[in-house]
Amino acid sequence: MSKDRSKVIKKERGKMGKLKDNSILKNIVVFVKSHQKIFKIVITTLVVVVLILLSIIMINNAKLNKKVITINGEDYTRSDFMVYFYSVKYNYFGGNNTNISKENLKVIYDAENNITVFDHLKSRTLQEIETSAAVKKYASDNNIELNREDYKIIKEEKEAFIKRLGGKNKFNKILKKNNTTEKSYNKMAETDRLYNKIVTKLYGKDKRYDLTEEEVNIALENYNNEYYKIEQIILTTIDITTRKSLSDTEINQKKTLADTIYNLATNGDDFEELIRKYSEDAVDKEPPYYVYYKKGELLDEIEEAIVKLDNNNVSLIQTKYAFHIVKRLELDDSKYEEYLDTLREEKALKALNDTLGDLKIIYHDAYKKIKL
């Protein structure tokens, strides 16, 4: 094929392509002109839908930003209130509580005063917000502020929380479903961090408001009277799936085994080894096997036996659930230090509760409108 012929073909192809494109555009224009009414209706409908959606978003945002309470001049919005409500609800019901039905919240919590679960949670939420305001006032009075390291910790804790939930999308969905915002979540997280800083900087060991010598002496006496440290071997007498009692034959077999283990333990066999070998609750557990219990946390039969036991002695107890071969151990300093830290925090909380009386609280109409 000659070069001239090739140019001609390319030129004609170009013309054909251009004519084809113009033809498509022309057809579109003709179609639009012939269906102007339909297109006007479609466009008008889309505009109305967009405007409605924008209006809903604006109304919802305005609702979330309405002042519910003002404490010491600081405003708490409906969004702020609802993030605390979510936290209180989480503690009350446990786990992911976003799917709790309204029926559950309507359940009567206090029959005498006709208070529902929702009313109770709303009251507890108000207490939490008042406490957060007390935290801010107390921190300000004692020149405690958040620094760069604190905000770094807040960010890391938030990221860990979001990861546990299943990602940022899930986090945002939970916030939206609970009528709150990320801004309110951040505000609550900052207050929590401020509280931790108060406890460690003012009430920690050897700090300004640490326990006095008298308080420490009382604490030691209470610790020895209130706590038990035990190891135990458990042989169940019920089916853990159905919760029904085992047959008499199976129970007698376990009784024989329990007696054998008890004799081995009292004769000096290593108790941890006996736990590892025989205890039905030791599967997938690693030593040490001891557990601390506060008075009142154990079954009555076990607690009554432990009270009578000297340290490092063993007792065989039968309850309606199992045979328990229990060894009482001597309390140690590590748990005692945890106990003292708990008392230090209780002391800090008392100081914060005393601050509550100095708060100036204003309730707005939006607070009354928070309903189920």
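This report describes strand 8 and its surroundings, a tyrosine in strand 6, and a surface patch in a predicted model.

## Strand 8 and its burial

Strand 8 covers residues 322-329. Eight of its eight residues are buried, so the strand is largely enclosed by the rest of the structure.

In a regular strand the side chains alternate between the two faces of the sheet. In strand 8, Ala322, His324, Val326 and Arg328 point one way, while Phe323, Ile325, Lys327 and Leu329 point the other way. The residues of both sets are buried, including the charged-type side chains Arg328 and Lys327.

## Pairing partners of strand 8

Strand 5, residues 227-236, pairs with strand 8 in the antiparallel sense, and eight bridges connect the two. Within this pairing, lysine 229 has leucine 329 of strand 8 as its bridge partner.

Strand 7, residues 314-318, is also antiparallel to strand 8, and five bridges join them. The two strands form a hairpin, with three residues lying between them. Phenylalanine 323 in strand 8 stands opposite glutamine 318.

## Histidine 324

Histidine 324 is located in strand 8. Its relative accessible area is 6%, which is under the 20% limit, and therefore the residue counts as buried. The side chain of histidine 324 makes a polar contact of 2.9 Å with the side chain of glutamine 232.

When neighbours within four places in sequence are left aside, histidine 324 is in contact with Gln232, Ile233, Ile234, Ile302, Ser315, Leu316, Ile317 and Thr319.

## Tyrosine 293

Tyrosine 293 belongs to strand 6, which spans residues 291-294. Beyond its neighbours within four places in sequence, tyrosine 293 is in contact with Glu226, Tyr227, Tyr228, Ile230, Gln232 and Leu298. Gln232 thus appears among the contacts of tyrosine 293 and also among those of histidine 324.

Isoleucine 230, another of these contacts, is separated from tyrosine 293 by 63 residues in sequence, yet the two C-alpha atoms are 7.9 Å apart in space.

## A nonpolar surface patch

Tyr92, Phe93 and Tyr109 form a nonpolar patch on the surface, and together they have about 290 Å² of accessible area. Tyrosine 92 lies in helix 3, residues 78-93.

The relative accessible area of tyrosine 92 is 38%; because this value falls between the limits of 20% and 50%, the residue is classed as partly exposed. Histidine 324, by contrast, is buried.

Terms used. Residues numbered from 1 in each chain as written. Predicted model: local features only at pLDDT ≥ 70, side-chain atom pairs only at ≥ 80, totals over all residues. Heavy atoms only, no water. Helix = DSSP H or I, 4+ residues; strand = E, 2+ residues; numbered from the N terminus. Buried < 20%, exposed > 50% of the residue type's maximum accessible area, 1.4 Å probe, protein only. Polar contact = N/O pair within 3.5 Å; in protein donor to acceptor, adjacent residues only side chain to side chain. Contact = heavy atoms within 4.5 Å. Pairing = 2+ DSSP bridges. Patch = residues over 30% accessible without salt bridge, like charges linked within 9 Å, V, L, I, M, F, W, Y side chains within 5 Å. Areas by Shrake-Rupley, 256 points an atom, 1.4 Å probe, with all protein chains shown as cover. Salt bridge = Lys/Arg side-chain N within 4 Å of Asp/Glu carboxyl O.
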